[in-house]
Amino acid sequence: MTLLEVRGLKTHFFTRQGVVKAVDGVSFDLDRGETLGIVGESGSGKSAMSLSLLRLISPPGEIVEGEVRFDGVDLLQLDEAQMQTYRGRHMSMILQDPLSSLNPVLTIADQVGEGIILHDRIRGEKLQRRLIELMQLVGIPAPETRLGQYPHQLSGGMRQRVVGAISIACRPEFLIADEPTTALDLTIQLQYLNTLKDIQRSENLALLLITHDLGVVAKMCDRVAVMYAGKIVETGTVEDIFDRPKHPYTVALLNSAGSLDKVERLNSIEGQPPSLADLPPNCAFYERCPVRFERCLTPEVPPLFELAGGQQARCWKHE
C-alpha cells in the first residue's frame with residue numbers, strides 16, 4: 001500500500017548568484033515497509049529533497065511547486081502547527097552528523113524523551129520504561145547509565161544509535177535516513193544497518209535511505225532512484241540498477257565504485273556537475289556523457305522514459 005506520493009516537487013534557493021534549482025521536478029512513490037535508496041554525487045539534490053518532504057527548508061530556500069501526499073494528505077497545504085503534528089509522530093529523520101544533531105547540554109534521556117512527552121503525553125515510570133526499551137532496540141548497552149549521560153560522553157557509534165532512537169521514539173510510519181553511517185567505522189556500520197533493518201521490519205517502516213555507498217544500497221534497498229542536477233534520472237529495483245543500468249550516469253556511478261574481485265585503478269566520472277543556478281537547456285549530463293549523440297543537443301530536458309519491468313531512465317537513447 002502506497003504511503004508517500006511525491007509529484008513534481010521543486011525546491012529552489014534564491015541567492016544573489018541566481019536561483020539554485022536544488023530539487024527540480026522530483027516524483028516518486030514509497031510503499032509501507034519498503035526501502036527506497038536515493039543515490040547521486042554531492043550536490044545532486046538528495047538532502048534538499050529529503051528536507052523538503054518534512055518541510056524543513058528555510059530561507060533562502062523555498063518549496064515552489066509540487067505535491068507531497070502522506071497517506072493521502074498533501075503536506076505542502078498544511079500550516080506549520082498542523083505540520084508539527086506529523087513530524088516525529090508520523091514521519092521522522094536521521095540526520096547526517098549525530099554530534100551536531102544532539103544538544104550538548106541536555107542528557108540523552110531528555111533528548112530521546114522529548115518527542116514522546118510532546119506526542120504521547122507519557123511521563124514518569126512509563127516514560128522511563130519506554131526510553132530503556134528504545135535504547136535496547138538500537139543496541140545500546142547499559143541503557144540506564146547512558147540515559148543520564150551527555151552526547152560528549154558517548155562514542156560516535158553510540159551517538160548515531162541515540163539519533164536513531166530519537167527518530168523512532170514515537171513509532172513513525174515513515175523514516176528518512178540521510179547518510180546514517182557516515183560517522184561510523186566499517187564494523188559499526190554493519191551493526192547499525194542490521195539494527196535499522198530489524199527496526200524497519202518490526203515497525204513496518206517506509207524507509208527513504210540517502211547514501212553515497214552503493215554497497216549499503218545493495219544490502220538495504222528494494223528500489224533505487226538515481227539523482228543528478230536536482231532530477232531523478234533513473235529508477236528501478238536494486239537488480240535493475242546494478243545488473244541492467246539504463247542511464248549513462250548510473251553506469252558511470254557503478255563503474256566508479258570498483259570491485260573487490262580485482263585490484264585496478266578506479267574509474268572516475270570526467271568533468272563536474274553543472275551549476276544548479278545555471279542549468280543547461282538540454283540534458284544536464286551531456287557534457288560528461290561518454291555516449292552522447294546529436295539528439296542530446298536538443299534544447300529540451302529528456303523525460304523519464306518507461307522501460308521494461310517498471311524501470312525508468314531520463315535519456316534520449318530510450319526514446
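## The β9–β10 hairpin

In this predicted model, valine 226 stands opposite glutamate 234 in β10. The pair belongs to two antiparallel strands: β9 (residues 223-228) is joined to β10 by six bridges. Together, β9 and β10 form a hairpin with two residues between them. Alanine 229 sits in the turn and has a positive phi of about 55°.

Strand β10 covers residues 231-237. Six of its seven residues are buried, so β10 is largely enclosed by the rest of the structure. Glutamate 234 also has a bridge partner in β12, namely alanine 313. Strand β12 (residues 312-313) pairs with β10 over two bridges, in the antiparallel sense.

## The eight-stranded sheet

Where does the hairpin fit among the strands of the open sheet? Its strands run in the order β6-β7-β8-β3-β9-β10-β12-β11. That makes eight strands, and the pairing is mixed. The edge strands are β6 (91-94) and β11 (305-306), and each pairs on one side only.

Strands can pair in two ways. Backbone hydrogen bonds link the strands of a sheet, either parallel or antiparallel. The mixed sheet holds examples of each. Strand β6 pairs with β7 (residues 174-178) in the parallel sense, over four bridges. Methionine 91 has phenylalanine 174 in β7 as its bridge partner. By contrast, β9 and β10 run antiparallel.

## The four-stranded sheet

Another open sheet has four strands, in the order β2-β1-β4-β5. Here the pairing is antiparallel. Strands β2 (18-31) and β5 (73-74) stand at the edges, each with a single partner strand, so one side of each is left without a neighbour in the sheet.

Which strand is joined to β5? It is β4 (residues 61-70), through two bridges, and the two strands run antiparallel. Phenylalanine 70 is matched with valine 73 of β5 as its bridge partner.

## Two helices

Helix α1 spans residues 46-53 and is mostly covered. Six of its eight residues are buried. These are Lys46, Ala48, Met49, Ser50, Ser52 and Leu53. Just after α1 comes arginine 55, which takes a positive phi of about 55°.

Helix α11 (residues 248-256) has buried residues too: Pro248, Tyr249, Thr250, Ala252, Leu253 and Leu254. What covers them? The cover includes both strands of the hairpin, β9 and β10. It also includes two helices, α9 (214-220) and α10 (238-243).

## The whole chain

How many helices and strands does the protein chain have? There are 11 helices and 12 strands. The radius of gyration is 21 Å, close to the 20 Å that the globule rule gives for 319 residues, so the chain is as compact as a globular protein of that length. Along the principal axes, the C-alpha atoms fill a box of roughly 70 × 50 × 40 Å.

Buried residues make up 47% of the 319 residues. Contacts often link distant parts of the sequence: of those with a separation of 6 or more, 63% are between residues 24 or more positions apart. The accessible surface comes to about 15500 Å², and carbon and sulfur atoms account for 50% of it. The chain carries 33 positive and 41 negative charges. Their mean positions are 2 Å apart.

Note on methods: Residues are numbered from 1 along each chain as its sequence is written. This is a predicted model: local features need pLDDT of at least 70, side-chain atom pairs count only at pLDDT 80 or more; totals for chains, interfaces and linings use all residues. Side-chain values use heavy atoms; hydrogens and water are left out. Buried means under 20% relative accessible area, exposed over 50%, partly exposed in between (1.4 Å probe, protein chains only). The radius of gyration is taken over C-alpha atoms; the globule rule is 2.2 Å times the number of residues to the power 0.38. Contact means heavy atoms within 4.5 Å. Accessible areas come from the Shrake-Rupley method with a 1.4 Å probe; for residues, only the protein chains shown count as cover. Lys and Arg count as positive and Asp and Glu as negative; His and the chain ends are not counted. The place of a charge is taken as NZ of Lys, CZ of Arg, CG of Asp or CD of Glu. Two strands pair if DSSP finds at least two bridges between them.
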